[in-house]
Structure formats: C-alpha cells, structure tokens
Amino acid sequence: MSTPVNVLVIIHGMNPHPAPKSPFQLYQEFWDALLQEEPKLSEVFPESFIGVEWGQELPINPTIPSYQIRPDQRLTRAQNFVNQRVCYDEVVRDTHPCNVPMPMFGNQGMDFPLLTPLVRRLVVGLRESIITRGFGDVIYYSSEDGEREVRKAVYGQVLKKLEPYHEATDVRLHLIGHSLGVTLSHDFLFGLFARNHQPGFCEEHFGEDGKRFEKWRQKAQRKELKLGSLSSTASQLPLFVMRKQKLVDMLAENKLLDPSHIGIERVNQVKWKVFYDVDDLLGFCTRRLYNAPDEIMEYQVDCGDNPGDAHNGYWKNKRVIKETANLLMMNAAGHH
C-alpha cells in the first residue's frame with residue numbers, strides 16, 4: 001500500500017488595487033497562521049503549499065510593452081486605463097462641452113441633502129474599486145478568451161508543481177480559494193473528477209500542460225488522485241453557475257448540483273468549508289446549491305464592516321483560519 005501524498009494549493013481571487021502586490025506574502029502569512037493553529041500541518045504538508053498567481057503584472061513596469069507580458073497579466077493595465085477614463089473624479093474634470101456632470105454635493109432633487117452626498121461618494125468608491133477593477137476580472141474569466149488565458153496561467157503553475165508526484169498512486173489534493181479563486185479551484189476539480197466529461201483544457205493547443213492535465217484526470221478517474229479538502233472564502237459560484245446552459249437548465253428545474261463532479265463523495269465527513277461575510281458585496285453563500293448535506297459546512301464570518309475590507313479580510317479572520325486548519329487535519333490521508 002502506497003504512502004498517501006497530501007498537496008495543498010492556494011489560489012487568490014480578483015484584485016481591486018491599481019498596483020497589486022504579489023500574493024505570495026499573503027499566502028505565507030496565512031500558512032503561518034494555519035501552523036499556529038495546527039502545528040502538525042508541517043508534517044502533513046512537508047512542502048508547505050503551491051501558491052498560484054494570475055491576472056496581475058507584478059510589479060507594473062511601464063517600460064515593458066504589454067505584448068511582452070502574459071495575456072492574463074494585461075488585466076492590470078487594461079483596468080487601470082479604463083478606470084482612468086471613466087472614474088468620476090476624472091470625468092468631472094473633463095471640460096469638453098459634450099460632458100455634462102452634476103455637482104457631487106449639490107442638492108438638486110435630493111430628499112436628504114446632507115446624507116445623499118456621503119452615500120453617493122461611498123457608491124462611487126465601491127464601483128471604481130471593487131466593480132471596475134475587481135469585477136472586471138470576473139467578466140474577463142467569463143469570456144472564452146479570458147477563461148482560456150487564466151486557466152493556462154493557473155492550471156499551468158499547479159500542474160508544474162504537481163509533476164514530482166506523477167508516479168504516486170495515492171495523492172490527496174487540498175485547495176484553498178478566495179473570491180474568483182473559488183471558481184478557479186472548482187473548475188480545476190471539475191475538469192479532473194467529473195465523469196463523462198472531456199475538459200477543454202486537454203485540447204492540443206494547451207500543449208504540454210494539456211497533456212499533464214489529461215494525465216492527472218486519468219489518475220482521478222482511477223482513484224489515484226482524490227480530493228482531500230476544499231476551503232472557500234468569498235465564493236462567487238452562485239454567479240458562475242449561470243455560465244453554462246446545461247447548468248441553467250438544471251437549476252431551472254430546481255435540481256441541486258452534484259458534488260461528486262468536483263471529487264466530493266458521500267463519506268459523512270466534511271470535505272468542503274465555505275465562508276461568507278454579509279458585508280462582502282462579492283461573496284455568496286454556496287452550500288445550499290449542492291446535494292451534499294453532510295460533506296459541506298458553511299460559516300458566516302465578520303471580516304469588516306466596509307465592503308472592500310470585508311472582501312479581502314478573510315485571510316486574517318480567526319474563524320477562517322481555525323476551521324481551515326481543522327479541515328486540513330481532518331482530511332489529510334494517514335493523519336486522522
């Protein structure tokens with residue numbers, strides 16, 4: 001009987017900042033916090049974790065032409081340029097006669113002249129950070145081109161780091177995803193575990209990574225690769241289930257999603273923990289979409305009252321850290 005191999009993958013989500021930072025420091029701090037909670041995790045995952053970076057130019061270097069950076073990394077420049085052209089502060093400074101703004105602090109037609117400007121400034125701020133830059137990542141991934149480029153970046157990094165384990169016959173994959181990273185981890189698992197499904201990523205134009213993905217998909221079908229656990233914060237899956245007509249048709253008939261398609265079998269043990277904050281505009285409850293009453297747990301947490309802080313505050317939330325550490329230990333093969 002072969003020795004089980006546990007592999008942990010961490011995938012960040014959308015980034016609303018104009019000058020994004022590398023996610024690897026964030027990953028390391030989260031990993032260190034997990035170790036504080038469960039020190040034995042260092043034995044379970046001797047290689048610590050596989051960190052993934054996508055959709056960000058790190059650091060932004062305007063001396064490099066955009067065509068020389070990865071297609072998905074051009075998101076940073078594209079969103080910054082769009083924001084520069086359409087953000088409210090720049091629009092009101094535009095003196096062109098075809099531009100006719102209203103005063104931010106005027107009181108024309110306002111029922112609450114003192115309160116309305118404050119609310120308006122809050123809405124403008126949220127729209128131009130979370131929506132323009134952050135949700136722009138979601139729109140990009142929802143397109144055929146964007147999905148292909150993001151998957152090439154994310155899957156490619158994971159598959160390369162999985163290569164040392166390709167001969168192992170008992171690999172347990174544990175994934176931690178935040179925001180759009182939840183969808184990316186979900187899609188990665190679906191491609192590996194869904195039966196009677198040929199993933200597009202196995203197609204010839206994905207080259208060596210496509211071949212690697214097919215190899216791991218075959219291992220999953222032979223039960224040589226299993227889902228260890230899944231931890232998700234700020235899930236956007238309730239939005240992304242609308243991408244495919246097949247899913248829309250199924251949901252229209254009030255049918256729940258099959259968790260076995262992402263490797264969750266009926267084992268009467270929690271395999272997936274989902275965390276949400278009601279102040280987070282782009283994080284949603286997800287558990288009740290799946291037909292897995294005993295395998296998925298969902299927690300409401302408080303990551304901050306400001307919607308922007310709430311969306312990015314899960315990494316430091318004590319409940320998230322405690323429950324994720326517990327989930328990893330409970331599902332680590334050979335470490336029950």
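1. Let me start in helix 12, where Glu323 and Arg319 sit 4 residues apart, about one turn of the helix. Helices here are DSSP runs of H or I with at least four residues, strands are runs of E with at least two, and both are numbered from the N terminus. The two side chains meet in a salt bridge, 3.5 Å from N to O; the term stands for a side-chain nitrogen of Lys or Arg within 4 Å of a carboxyl oxygen of Asp or Glu. Glu323 is buried at 13% relative accessibility, while Arg319 is partly exposed at 40%. Buried is under 20% relative accessible area, exposed is over 50%, and partly exposed lies in between (1.4 Å probe, protein chains only).

2. A word on the source: this is a predicted model, in which local features need pLDDT of at least 70 and side-chain atom pairs count only at pLDDT 80 or more, while totals for chains, interfaces and linings use all residues. Residues are numbered from 1 along each chain as its sequence is written, and side-chain values use heavy atoms, with hydrogens and water left out.

3. Still in helix 12, have a look at Leu327. Leu327 is buried, with a relative accessible area of 2%. Its C-alpha atom is separated by 9.9 Å from that of Gln269, and the two residues are 58 apart along the chain.

4. How many salt bridges does a search of the whole structure find? The count is 26. Side chains of opposite charge can pair when their charged atoms come close. One pair to look at is Glu29 with Lys316, whose closest N and O atoms are 3.3 Å apart. Glu29 belongs to helix 1 and Lys316 to the loop between helix 11 and helix 12, so this pair ties together parts that are 287 residues apart in sequence. Glu29 is partly exposed at 35%, and Lys316 is exposed at 60%.

5. Helix 6 (residues 144–162) offers a local example: Lys152 and Glu149 are 3 residues apart there, a separation of about one helical turn. Their side chains form a salt bridge at 3.7 Å, N to O. Which of the two is buried and which partly exposed? Glu149 is buried at 12% relative accessibility, whereas Lys152 is partly exposed at 37%. Both also belong to a network of salt bridges that links Asp145, Arg148, Glu149 and Lys152.

6. On to the rings. Those of Phe, Tyr and Trp (its six-membered ring) pair if their centres lie within 6.5 Å; planes under 30 degrees apart count as stacked, over 60 as edge-to-face and the rest as tilted. By this rule there are 12 aromatic pairs. Tyr27 and Trp315 make a tilted one, with 5.9 Å between centres and 50 degrees between planes. Since Tyr27 lies in helix 1 (residues 24–37) and Trp315 in the loop between helix 11 (307–312) and helix 12 (318–331), the pair ties together parts that are 288 residues apart in sequence. Tyr27 is buried at 0% relative accessibility, and Trp315 is buried at 8%.

7. A second pair, Phe188 with Phe213, is edge-to-face, at 5.6 Å centre to centre and 65 degrees between the planes. This contact links distant parts of the chain, with Phe188 in helix 7 (residues 180–193) and Phe213 in helix 8 (residues 207–221), 25 residues apart. Phe188 is buried at 3%, and Phe213 is buried at 0%.

8. Please also view the aromatic cluster as a whole: Phe24, Tyr27, Phe30, Trp31, Phe45, Phe49 and Trp315 form one cluster. Elsewhere, Lys219 lies over the face of Trp216, 5.5 Å from the ring centre; the rule asks for NZ of Lys or CZ of Arg within 6 Å of the ring centre and within 35 degrees of the ring normal.

9. Finally, the cysteines. How many disulfides does the structure hold? The number is 0, where a disulfide is a pair of cysteine sulfur atoms within 2.5 Å. Cys285 is partly exposed at 41% relative accessibility, and Cys303 is buried at 14%.
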